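Q: I have a fold on my screen and would like to learn to read it. Can we go through it together?

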Amino acid sequence: MSGARRSVVLALPLLLVGCTHPVTGTATAAPRRVLDSAAVERDVREVVAADPATRDAAAGARVVCPQGVPADRNLVVFCDVTGDGLRLSVPVTILDADGDYQVGSAF
């Protein structure tokens with residue numbers, strides 16, 4: 001091989017040096033959404049007042065629903081409706097994590 005030249009390329013590993021900063025602690029989840037108990041109580045009152053069987057007694061009834069209920073899908077809580085000889089339990093089913101819910105029939 002006359003006059004032919006070969007090139008040799010050496011590949012050297014590239015060393016990257018960077019700064020690292022260890023992070024310690026615990027990851028925190030976003031705060032869970034809770035139901036607006038005042039809104040739930042208002043809606044329960046409306047459902048009871050709309051039922052012909054309980055309409056008259058519901059006018060002065062007291063509605064109490066649990067406070068601080070997390071918006072967990074399919075969770076069912078019960079609100080108490082009492083007053084003027086009326087004593088009812090009303091189921092409230094949470095439909096999704098956004099806090100949407102459905103008020104059931106009183107029993």
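**Contacts, core and sheet**

Q: Let's start with one residue: what does Val-81 touch?
A: Contact means heavy atoms within 4.5 Å. Leaving out residues up to four places away in sequence, Val-81 touches Val-44, Val-48, Ala-61, Arg-62, Val-63, Leu-86, Arg-87, Leu-88 and Val-90. This is a predicted model, where local features need pLDDT of at least 70, side-chain atom pairs count only at pLDDT 80 or more, and totals for chains, interfaces and linings use all residues. Numbering runs from 1 along each chain as its sequence is written, and side-chain values use heavy atoms, with hydrogens and water left out.

Q: Which residues of the largest nonpolar core touch the most other members?
A: In soluble globular proteins, nonpolar side chains tend to be buried together. A nonpolar core is a set of buried Ala, Val, Leu, Ile, Met, Phe, Trp, Tyr and Cys residues joined through side-chain atoms within 4.5 Å; buried means under 20% relative accessible area (1.4 Å probe, protein chains only). Here the largest one has 19 residues, and Val-40, Val-44, Val-48, Val-81 and Val-92 touch the most other members. Its largest share, 5 residues, comes from β3 (strands are DSSP E runs of at least two, helices H or I runs of at least four residues, numbered from the N terminus).

Q: In what order do the strands of the open sheet come?
A: Strands of a sheet pair through backbone hydrogen bonds, either parallel or antiparallel; pairing needs at least two DSSP bridges between two strands. The 4 strands run β1-β2-β3-β4, with antiparallel pairing, and the edges are β1 (62-64) and β4 (101-103).

Key
Buried < 20%, exposed > 50% of the residue type's maximum accessible area, 1.4 Å probe, protein only.
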